[in-house]
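Please look through the structure below with two topics in mind: cysteines and the packing of helices.

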Amino acid sequence: MPERPQALFAMTAQNVPHIFPPEVLARLCEHVEIDPTLVAHDFTDPRVRETLARTEVLVTGWGCPVLDPAALDLAPNLRAVLHAAGSVKGFTTPEVWRRGIAVSSAAGANALPVAEYTLAMILLAGKDVFAHRDLLRTRRAFPYGDIVPGIGNFHRRVGIVGASRIGRRLLELLRPYDLAVALADPYVDEAEAARLGVPLLPLDELLRTSDIVTVHAPQTPETRHLLGARELALMPTGSVLINTARGSLLDHDALIEELRTGRLTAILDVTDPEPLPAGSPLFDFPNAFLTPHLAGSQGNELARLGLTVVEEAGRLLAGDGLRYAVDHSVLERAA
């Protein structure tokens, strides 16, 4: 059995027991030597520095300090960063890659609950559940046995903006349903779209022809306000916009104006800013359904992120390559 490498947690301390509950922590300790009571939120802390000098594996998460040259100089033996969350862009620097440190991310594991949330919202939106819930609450009765026209999920058209990990996972989850699904993504060609099993459309055409549009593009300077007044105006009257990506992908001023007309419905798990000001009209529009950034891993789903790190730590100990290694060459256009 190879000797277990020294590891160190670097994240917000209160997240550790949620991401690594006892059974997951026990499995992690089979692969690395790690003290769950020592969590780095400042690499210059004397106790952290002493352990960091021997650390080969950093187990990171939300709240990890930035891995700049000064921090990396304190960890001369560091060979891998195993991130128990999604994007690594907030704390990695070019120096990490220059030093040849392997970086892994649990972004794929975090994609699943977002895709599940989106699937649920697509199906509920297709039934116009939110509006009919409000009608029932107001009327306290409904005409039993009547056909409700214009709703349903048989051949409803769903447009996915962005073939990210979440977008691709959503495509998998949508396959069993009788929905007409299309994709818009400037980095996907026809051959790849065929492999994904969906038609590839220009963004404008996807917006014009979809009953439900769901956004899964990364947050980059190029995607800021990807959907503005012009794009929202292309969406058919009665259509639904879902955003579980980042709030900045939507021009919220333009969205508010569209929603004010009653022409569209929006389901927003993310906003810009986040959280919204208390006076935002989005809280009061009957055609806006807001949730407080719940789509990503929450509650017991956090343990899935920890299990991903456990798997990667096992590969390190066995001398195998990381399964979920981050490709630095595409990081700039990734989430």
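The report takes up the cysteines and then one pair of helices.

This is a predicted model, in which local features need pLDDT of at least 70 and side-chain atom pairs count only at pLDDT 80 or more, while totals for chains, interfaces and linings use all residues. Residues are numbered from 1 along each chain as its sequence is written, and side-chain values use heavy atoms, with hydrogens and water left out.

A search of the whole structure finds 0 disulfides, a disulfide being a pair of cysteine sulfur atoms within 2.5 Å. The closest cysteine sulfur to that of Cys-29 belongs to Cys-64 and lies 19 Å away, which is too far for a bond. The table gives the accessibility of these two cysteines, where buried means under 20% relative accessible area, exposed over 50%, and partly exposed in between (1.4 Å probe, protein chains only).

| Residue | Relative accessible area | Class |
|---|---|---|
| Cys-29 | 24% | partly exposed |
| Cys-64 | 11% | buried |

Two packed helices are described by the angle between their axes and the distance between the axes. The axes of helix H6 (residues 107-126) and helix H13 (residues 302-318) come within 8 Å and cross at roughly 155°, where helices are DSSP runs (H or I, at least four residues) numbered from the N terminus, and axes are lines fitted to C-alpha atoms over the stretch in contact, with angles from 0 to 180 degrees between N-to-C directions. H6 and H13 are therefore roughly antiparallel to each other, a term for angles over 145 degrees.

Technical notes:
Helices (H or I, at least four residues) and strands (E, at least two) are DSSP runs, numbered from the N terminus. Angles under 35 degrees count as roughly parallel, over 145 as roughly antiparallel, 65 to 115 as roughly perpendicular and the rest as oblique.
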